[in-house]
Amino acid sequence: MPKRIGERIVAKTKHFEIKEVDLEFSSGKRKTHEIVDNGMQGVTIVPLKEDGTILLVREYLTGAGEYQLGLCKGGIEPDHTPEDTAQRELQEEVGYKAGRLDKLAEVFLHPAYTTAKTHIFLARDLQESKLAGDEGEELEVVPYPFKDVEKLIDSGEIHD
């Protein structure tokens with residue numbers, strides 16, 4: 001495992017820091033890598049209704065520069081658990097609360113250059129429950145048969 005021999009912040013915003021990390025490998029070779037450290041984690045939720053319908057969301061994603069169809073997602077705020085955040089995001093984005101929330105995975109999004117990690121949940125036993133969201137506009141909820149989601153992926157219509 002490489003040894004971290006130095007680290008410095010080269011840029012900082014309210015959402016993240018860009019750091020240069022100096023590494024020394026077992027071969028003795030030294031290299032500097034850049035990473036984006038957002039200091040936060042997120043959640044991604046797969047809301048599945050009893051009839052086999054998945055609830056997707058179409059929203060404007062600034063990083064992509066376009067409206068995209070995808071899963072519910074959001075950042076975990078300090079002093080909140082991933083489960084609490086998943087329930088809040090479900091209510092804000094699709095208007096449902098989960099009676100059952102199963103954690104599927106915990107993954108790094110781009111581990112080579114960012115610290116971003118997300119907790120992925122399957123939400124079932126959905127009950128209507130709407131909370132106001134923090135988006136700039138109302139999100140479009142798109143019900144879709146779960147059995148056909150692969151078609152959306154293959155066509156490039158969904159990227160999550």
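Rings of Phe, Tyr and Trp are taken to form an aromatic pair if their centres lie within 6.5 Å. In the predicted model described here, a search of the whole structure under that criterion finds one aromatic pair. The pair consists of Tyr60 and Tyr67, whose ring centres are 5.5 Å apart and whose planes stand at 70°, so the arrangement is classed as edge-to-face. Tyr60 is partly exposed, its relative accessible area being 40%, and Tyr67 likewise counts as partly exposed, at 47% relative accessibility.

With regard to the overall architecture, the protein contains two helices and 10 strands, and from the N terminus on the elements follow the order β-β-β-β-β-β-β-α-β-β-β-α. The C-alpha trace spans about 60 × 35 × 30 Å along its principal axes. Of the 160 residues in the protein, 36% are buried. Among contacts between residues at least 6 apart in sequence, 53% join residues that are at least 24 apart.

The largest nonpolar core comprises 15 residues, of which Ile45, Cys72, Leu90, Val94, Ala123 and Leu126 touch the most other members. At least two residues of this core are supplied by each of β4 (41-47), β5 (53-61), α1, β8 (96-108) and β9, and the largest share, three residues, comes from β9. A second, separate core is made up of 11 residues, including Leu48, Leu69, Leu71 and Ile158. Ala123, one of the residues that touch the most other members of the largest core, is in contact with Ile45, Val46, Pro47, Leu48, Leu90, Ala98, Arg100 and Leu101 when its neighbours within four places in sequence are left aside. The contacts of Ala123 thus include Ile45 and Leu90, both of which are also listed among the members of the largest core, as well as Leu48, a member of the second core.

Strand β9 also holds Lys117, for which the C-alpha atom is separated by 5.5 Å from that of Val107, although the two residues are 10 apart along the chain. When residues up to four places away in sequence are not counted, Lys117 touches Met40, Gln41, Gly42, Glu106, Val107 and Phe108.

Positive phi values in residues other than glycine were noted at two aspartates, among them Asp125, where phi is near 50°. Asp125 is found in strand β9 (residues 117-128) and counts as partly exposed, with a relative accessibility of 37%. For Asp79, phi is near 70°, which is likewise a positive value in a residue other than glycine. Asp79 is found in the loop between β7 (72-75) and α1 (82-93), and its relative accessible area of 82% places this residue in the exposed class.

Turning to the surface, the second largest pocket has a volume of about 220 Å³. The pocket is lined by 13 residues, of which Arg4, Leu23, Ile35, Pro111 and Ala112 lie nearest its centre. The elements that give two or more residues to this lining are β2 (17-24) and β3 (30-37). By residue class, the lining of the second largest pocket divides into nine nonpolar, three polar and one charged residue.

Technical notes
Residues numbered from 1 in each chain as written. Predicted model: local features only at pLDDT ≥ 70, side-chain atom pairs only at ≥ 80, totals over all residues. Heavy atoms only, no water. Helix = DSSP H or I, 4+ residues; strand = E, 2+ residues; numbered from the N terminus. Buried < 20%, exposed > 50% of the residue type's maximum accessible area, 1.4 Å probe, protein only. 1 Å grid on protein atoms, 1.4 Å probe; cavity = no way out; pocket = protein on both sides within 12 Å on 5 of 7 lines; lining within 4 Å. Points joined across faces, edges and corners; volume = space filled by probe spheres on them. Nonpolar A, V, L, I, M, F, W, Y, C, P; charged D, E, K, R; others polar. Core = buried A, V, L, I, M, F, W, Y, C linked by side-chain atoms within 4.5 Å. Contact = heavy atoms within 4.5 Å. Phe/Tyr/Trp six-rings, centres within 6.5 Å; stacked < 30°, edge-to-face > 60°.
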